[in-house]
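This report describes the internal organisation of a single protein chain. The sequence and the structure are shown first, and the description follows.

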Amino acid sequence: MVLFTVVADASVLIHLSRIGRFHLLRNVYGQVSVTSSVFSEVVEKGWGLAGSIETERAVHEGWIKVFDVIDKWKAREMAVAHRIHLANAETVQLAREVKAGILLADEEEVRGLAAEFGLEVRGCLGLLAEASRRGMISVKEAKQDAERLIKEGYRISEEVLKEFYTVLGLEEGV
């Protein structure tokens, strides 16, 4: 279990749910924080879709915590300046406010903005690699999960996929 704050964006909650690996968030990180806008997007607006039931259950169980961003103005400035959705900017802002150890996000614009602020960013593949490293899933399962993510519409470059296989100790998808 980690001793630092992990903040997650909606994309990670949704994608992990689609492949039946939502539970890895808890197994790897123990507790995860999300913004109220991410909760609204996934649970309220997305009710019945991937991630909605799992996220609501996790909040009820207490291992996903929902927070409002303190400096909403700064989040709005980031959204406008970087031409991203306000919910994404709020996720980055929350990570800054709570001094998150890791920001979980898959969308390139969120990852880029987070990197500008020196935040460590991981996506679904990073979580799968960490779960494999810790023995929670096998290397074979991590590779299969990546393939299922792609089949479910997860967009990823060949370069990033090759890097994922290298981290797993595989030779380019073997």
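In this predicted model, helix 4 is followed by G62, a residue with a positive phi near 95 degrees. Two other helices are also followed by a glycine: G118 comes after helix 7, with a positive phi near 75 degrees, and G135 comes after helix 8, with a positive phi near 80 degrees. Positive phi values are also found at R83 and K99, neither of which is a glycine. The table lists these residues with their positions.

| Residue | Position | Phi |
|---|---|---|
| G62 | follows helix 4 | positive, near 95 degrees |
| G118 | follows helix 7 | positive, near 75 degrees |
| G135 | follows helix 8 | positive, near 80 degrees |
| R83 | loop between helix 5 and helix 6 | positive, near 55 degrees |
| K99 | loop between helix 6 and strand 4 | positive, about 55 degrees |

The loop residue R83 is exposed, with a relative accessible area of 79%. K99 is exposed as well, and its relative accessible area is 69%.

**Helices 4 and 7**

Helix 4 spans residues 52-61, and its buried residues are S52, T55 and A58. Viewed down the axis of helix 4, these residues fall within an arc of 135 degrees, so they line one face of the helix. An α-helix has 3.6 residues a turn, so residues three or four places apart point the same way. The partners against which the buried residues of helix 4 pack are helix 1, helix 3 (36-44) and strand 3 (64-67).

Helix 7 covers residues 108-116 and buries V110, L113 and A114. Seen along the axis of helix 7, the buried residues occupy an arc of 100 degrees, so they too line one face of the helix. The face turned away from this buried side carries the exposed residues E108, A115 and E116. The buried residues of helix 7 are covered by elements that include helix 5 (72-82), helix 6, strand 4 (102-104) and strand 5 (121-122).

**Domains and nonpolar cores**

The chain is divided into domain 1, residues 6-124, and domain 2, residues 125-168. The C-alpha centres of the two domains lie 20 Å apart. To the contact between them, domain 1 contributes 14 residues and domain 2 contributes 15 residues.

What, then, lies between the two domains? The largest nonpolar core has 40 residues, and those with the most contacts inside it are L13, L25, Y29, I64, L104, L128 and F164. Helix 8, residues 124-133, gives the most to this core, with six residues. Domain 1 and domain 2 both give residues to the core, so it lies between them. In soluble globular proteins, nonpolar side chains tend to be buried together.

One of the highly connected core residues, I64, touches L13, F22, V32, V34, A58 and V59, leaving aside residues up to four places away in sequence. A second, separate core has 17 residues, among them A95, A100, A105 and L113. L113 is also one of the buried residues of helix 7.

**Helix 8**

Eight of the 10 residues of helix 8 are buried, so this helix is largely enclosed by the rest of the structure. Those buried residues are C124, L125, L127, L128, A129, E130, A131 and S132. They are covered by elements including helix 1, helix 2 (23-29), strand 5, helix 9 (139-151) and helix 10 (158-168).

**Two individual residues**

Which side chain of opposite charge is nearest to the buried E90? E90 lies in helix 6, residues 86-97. The nearest side chain of opposite charge is that of K72, 4.2 Å away, and E90 has no salt bridge. Apart from residues up to four places away in sequence, E90 touches T35, S37, V69, K72 and A75. K72 therefore appears among the contacts of E90, as contact means heavy atoms within 4.5 Å, whereas a salt bridge requires a side-chain nitrogen of Lys or Arg within 4 Å of a carboxyl oxygen of Asp or Glu.

I14 is placed in helix 1, residues 10-18. Beyond its neighbours within four places in sequence, I14 is in contact with V42 and A50. I14 and R96 are 82 residues apart in sequence, and their C-alpha atoms are 23 Å apart in space.

Terms used. Residues numbered from 1 in each chain as written. Predicted model: local features only at pLDDT ≥ 70, side-chain atom pairs only at ≥ 80, totals over all residues. Heavy atoms only, no water. Helix = DSSP H or I, 4+ residues; strand = E, 2+ residues; numbered from the N terminus. Buried < 20%, exposed > 50% of the residue type's maximum accessible area, 1.4 Å probe, protein only. Lys, Arg positive; Asp, Glu negative; His and termini not counted. Arc of directions from axis to C-beta. Core = buried A, V, L, I, M, F, W, Y, C linked by side-chain atoms within 4.5 Å. Domains from an automatic or database assignment.
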